Amino acid sequence: MTQPAIGDAFGEMIRDAYAVHNGVGRRPLAGGRYPRPVIEVIEREDGLINGAPAAHYLSEPDEWRSFDHRAVSLCRGRALDIGVGAGRIAIELQRRGIAVTGLDTSAGAIEVSRDRGLRDTVLATVDEFSRASVRYDTFLLLGNNLGLLESAERAPVFLAALARLAAPGARIVAQGADPYGTTDPLHVSYHESNRARGRLGGQLRLRLRYRELATDWFDYLNCSVSELKSLLAGTSWRLKSIDEQDRPYYVAVMEYIG
């Protein structure tokens, strides 16, 4: 079977979703005439395939889930939106007069977020950007982007990079999901397989596929609140609060302690 080319699959998907949303530019067409829904396809290392419409990356505040609104209300000072995507959170913060930088590793995502009006963007990894001289008061990991901690091994490195960018009293506002409430045997067996390999149960090995492209394989972490507390031990961050009103989703606030 032919393997997909490795490239900016996320960026290509976001570009097409934006074109369908606007009705302008290149759009995938059904029968050469009608716009085809743009679907995000996620492949897990064990062969599990999931898909969802990509339009949610372009959603306006009236379409957000309630925990998004509560998370955004916790933003203060200068903000760094990590994994900005198409800019749905950062653009709303900008509308509110908050100084916000959108950071992403996808050139296509940065292009779309800028086309949508986001003024300050950075195409880089967190590690690369951590050498910058700017300091932030709020780091945002929304849209389940607490998963960018990746693993127990990677989390301290990621958190140290944020600490280098942190102003005194800075906070991380992150949305995560506890993976362990499921009874789906495909997920339960995957958690068990992870633990047998010495990994956290909710550590995912994924790649995104869109049309002829795929991303490289990457790790993405769904963790419980107790696991998050353990990951913060020995870092420059401590858990301040947890909002679990929409279980299994939660919003965690972590404070910089230097």
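**Figure 1. A salt bridge within helix α1.** In this predicted model, the side chains of Arg-15 and Glu-12 meet in a salt bridge, with 2.4 Å from N to O. Both Arg-15 and Glu-12 belong to helix α1, which spans residues 9-22, and they stand three residues apart, about one turn of the helix. Arg-15 has a relative accessibility of 25% and therefore counts as partly exposed, since the partly exposed class lies between 20% and 50%. A search of the whole structure finds 19 salt bridges, and the next two views show others among them. Side chains of opposite charge can pair when their charged atoms come close.

**Figure 2. A buried salt bridge between helices α2 and α3.** The side chains of Arg-88 and Asp-68 form a salt bridge, at 3.3 Å from N to O. Because Arg-88 lies in helix α3 (residues 88-95) and Asp-68 in helix α2 (residues 66-72), the pair ties together parts that are 20 residues apart in sequence. Arg-88 and Asp-68 are both buried.

**Figure 3. A salt bridge between strands β14 and β15.** Glu-255 forms a salt bridge with Lys-240, and the closest N and O atoms are 3.7 Å apart. This pair links distant parts of the chain, with Glu-255 in strand β15 (residues 249-256) and Lys-240 in strand β14, 15 residues apart. Lys-240 counts as partly exposed, at 46% relative accessibility.

**Figure 4. A salt-bridge network and the largest cavity.** Glu-60, Glu-92, Arg-95, Arg-96 and Arg-116 are linked in a network of salt bridges. The structure has one cavity of 30 Å³ or more, and about 30 Å³ of space lies in the largest cavity. The residues that line the largest cavity include Glu-60, Glu-92, Arg-95 and Arg-116, which also take part in the network. Arg-88, the buried partner of Asp-68 in the salt bridge of the second view, is another of the lining residues, as are Ser-59, Pro-61, Gly-87 and Ile-91.

**Figure 5. A cluster of aromatic rings.** The structure holds seven aromatic pairs. The rings of Phe-129 and Tyr-136 have their centres 6.3 Å apart and their planes at 50°, so this pair is tilted; both residues are buried. Phe-139 and Trp-237 form an edge-to-face pair, with 6.0 Å from centre to centre and 85° between the planes. Since Phe-139 lies in strand β9 (residues 136-141) and Trp-237 in strand β14 (residues 237-243), the pair ties together parts that are 98 residues apart in sequence. Phe-139 is buried, with a relative accessible area of 0%, and Trp-237 is buried as well, with a relative accessible area of 2%. Ring pairs link Phe-129, Tyr-136, Phe-139, Trp-237 and Tyr-256 into a cluster.

**Figure 6. Arginine charges over tyrosine rings.** The charged end of Arg-44 sits over the ring of Tyr-190, at 4.0 Å from the ring centre. In another such arrangement, the charged end of Arg-65 sits over the ring of Tyr-249, at 5.1 Å from the ring centre.

**Figure 7. The span annotated as a methyltransferase domain.** An unreviewed UniProt entry carries the annotation "domain: Methyltransferase" for residues 80-169. In the predicted model, the end C-alpha atoms of residues 80-169 lie 15 Å apart, and the span is 34% helix and 23% strand.

Notes: Residues are numbered from 1 along each chain as its sequence is written. This is a predicted model: local features need pLDDT of at least 70, side-chain atom pairs count only at pLDDT 80 or more; totals for chains, interfaces and linings use all residues. Side-chain values use heavy atoms; hydrogens and water are left out. Rings of Phe, Tyr and Trp (its six-membered ring) pair if their centres lie within 6.5 Å; planes under 30 degrees apart count as stacked, over 60 as edge-to-face and the rest as tilted. Buried means under 20% relative accessible area, exposed over 50%, partly exposed in between (1.4 Å probe, protein chains only). Helices (H or I, at least four residues) and strands (E, at least two) are DSSP runs, numbered from the N terminus. A charge sits over a ring if NZ of Lys or CZ of Arg is within 6 Å of the ring centre and within 35 degrees of the ring normal. A salt bridge is a side-chain nitrogen of Lys or Arg within 4 Å of a carboxyl oxygen of Asp or Glu. UniProt positions are given in the numbering used here, feature names are shortened, and annotations may be inferred rather than shown by experiment. On a 1 Å grid over the protein atoms alone, a cavity is a set of points where a 1.4 Å probe fits but cannot get out, and a pocket is an open set with protein on both sides within 12 Å along at least five of seven lines; lining residues have an atom within 4 Å of a point. Grid points are joined across faces, edges and corners, and a volume is the space filled by probe spheres set on the points.
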